[in-house]
Structure formats: structure tokens, C-alpha cells
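Here are my notes on the model you sent over. I have kept them as numbered points so you can tick them off with the structure open beside you.

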Amino acid sequence: MNQLFDEQKSVHVLYAYKEKKSYLEQVVQFIHNGILAEDYVILIENDRLYPMIYKELSMRLTKEQMKFCHWVNSFDFYFSSGSYHPPAIEKYFQKTVHPYIEKNISFRSWAHVEWRSMEEPLHLIEDFERIVDKAVNVVSFPLICAYEGERMPDYLRNILLETHPYVLVEDDLIDSKQYQP
């Protein structure tokens, strides 16, 4: 994965995780590798998991290295307008990455995407993921979008495979055969 990030900065990855333990291992490894590659890491994560991630990272990284990880509360990020609204999320994202872009600082991002119930407007996720896919290519940064696999109906899974050129399966990145740029 790191080799791909080095060779090609514009990398949009879907990660459908099965269990919290493997999720935590992946996100910690992603952040750790990013910081070792001298990238800043923007972590969009909930306030329940972030302390666990922070604890694990603080055992692997120095205090100085830890400053390379910028945490954004996922609830604030996705619901900044009061609901899951792709244009508001895009605006929040642009505000978050602007300082990195303005100063030409290399960064990568991990976004944990969650929702409360299957009644949420899942069709909006398609709109958002298409916006994000374009942003990844324009701004040129690696992004992993993490979704809980068991909570993804087939409809959503298909949308996500169409909007992500790569899929993280365990420790391997594979091409999405359904990707539609």
C-alpha cells in the first residue's frame, strides 16, 4: 500500500472492515506508516475509537511524531450542517485540508464513515463519494474510506465499489472492477 501511495498520490480506497480489532490495527498501521513517510495524517474518526487509536500510536511514535496526526471528530465532520449533507461535508473537508494545500504539505487521510440506522439517506453517500473521488484526484492525496462491512446493504456496497478505484482487503489493495470514474 505504501508503495502505491509513493508512486501515485491520488489513491481513493474502500475498506469494509469486519471487526473492531482488525479495524483498529489497519487505522493505526495507516497512520504510523504515513507519519514515517513524513506525511501529515488527517484522521476522521469518532470519539469512541479515537482514544484507543491515540493510545496505540503513542506507544509507537514520539511526541513530536504524534503532532503529524490531526484528528477530526467524525460526527462534527459528517453532520456539521445538522444532517448528512454532501455539500456541507465537502466545505468542511476543504476547510480542513486548505492549510496543507496552501503550504504544499504532503498529507493522507483516513475517514471512518458511520450512520445510525439503515433509514439514513444512503443515496447521499454516493453523491459524497463521487465528490471525494474527484477531490482525491484534484488535490492528489491518498484517502481510505472505512465502512463497517456488516452494516452495508448490497445497494451501498455496489455504490462504494463503483466510487472507489481500490479496495483494501486485509493487507492487500486490489483494483475495484466496478469502479466508474
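The points below start with the whole chain, go on to two helix pairs, and end with a few single residues.

1. **What kind of model this is.** Keep in mind that this is a predicted model. So everything here is computed from predicted coordinates.

2. **Overall build.** The chain has eight helices and seven strands. Its radius of gyration is 15 Å, close to the 16 Å that the globule rule gives for 181 residues, so the chain is as compact as a globular protein of that length. If you want a feel for the dimensions, the C-alpha trace spans about 40 × 35 × 30 Å along its principal axes.

3. **Inside and long range.** Of the 181 residues, 48% count as buried. Take the contacts with a separation of 6 or more: residues 24 or more positions apart account for 76% of them.

4. **α2 against α3.** Have a look at helix α2 (residues 20–36) and helix α3 (residues 50–60), whose axes come within 10 Å and cross at roughly 45°. The two are therefore oblique to each other. As for handedness, α2 passes α3 in a right-handed crossing. On the α2 side the contact is made by K20, L24, V27, V28, Q29, I31 and H32, and on the α3 side by M52, I53, E56, L57 and R60. Sorted by class, the residues of this contact come out as seven nonpolar, two polar and three charged.

5. **L24, one residue of that contact.** Is L24, which sits in helix α2, buried or exposed? It is buried, because its relative accessible area is 17% and the cut-off for buried is under 20%. Leaving aside neighbours within four places in sequence, L24 is in contact with L49, M52 and I53. For M52, the C-alpha atom is 8.0 Å from that of L24, although the two residues are 28 apart along the chain.

6. **α7 against α8.** The other pair to check is α7 with helix α8 (residues 154–163): they pack at an angle of about 10°, with their axes 10 Å apart. That makes α7 roughly parallel to α8. From α7, the residues H123, I125, E126, E129, R130 and D133 meet Y155, L156, I159, L160, E162 and T163 of α8. By class this contact has five nonpolar, two polar and five charged residues.

7. **V139 in α7.** Staying with helix α7 (residues 123–140), pick out V139. At 29% relative accessibility, V139 counts as partly exposed. Which residues does V139 contact, leaving aside its neighbours within four places in sequence? The answer is I101 and F107. If you draw a line to D6, 133 residues away along the chain, the C-alpha atoms of V139 and D6 turn out to be separated by 15 Å.

8. **S140, also in α7.** S140 is placed in helix α7 too. S140 is not a glycine, yet its phi is positive, about 65°. Most residues other than glycine have a negative phi. With 34% relative accessibility, S140 counts as partly exposed.

9. **N104, the other positive phi to look up.** N104 lies in the loop between α6 and β4 (107–112). Its phi is positive, about 55°, although N104 is not a glycine. N104 is exposed, since its relative accessible area is 73% and exposed means over 50%.

10. **Y100 in α6.** Helix α6 (residues 86–102) holds Y100. This tyrosine counts as buried, at 10% relative accessibility. Apart from neighbours within four places in sequence, Y100 is in contact with Y40, I42, H70, I105 and F107. F107 is also one of the contacts of V139, so it is a handy residue to click on when you go from one to the other. For a longer line across the model, try Y100 to N158: these residues are 58 apart along the chain, and their C-alpha atoms are separated by 32 Å.

Conventions: Residues numbered from 1 in each chain as written. Predicted model: local features only at pLDDT ≥ 70, side-chain atom pairs only at ≥ 80, totals over all residues. Heavy atoms only, no water. Axes fitted to C-alpha atoms, helices over the stretch in contact; angles between N-to-C directions. Helix = DSSP H or I, 4+ residues; strand = E, 2+ residues; numbered from the N terminus. Parallel < 35°, antiparallel > 145°, perpendicular 65-115°, else oblique. Left-handed = near helix turned anticlockwise from the far one by under 90°. Contact = heavy atoms within 4.5 Å. Nonpolar A, V, L, I, M, F, W, Y, C, P; charged D, E, K, R; others polar. Rg over C-alpha atoms; globule rule 2.2 N^0.38 Å. Buried < 20%, exposed > 50% of the residue type's maximum accessible area, 1.4 Å probe, protein only.
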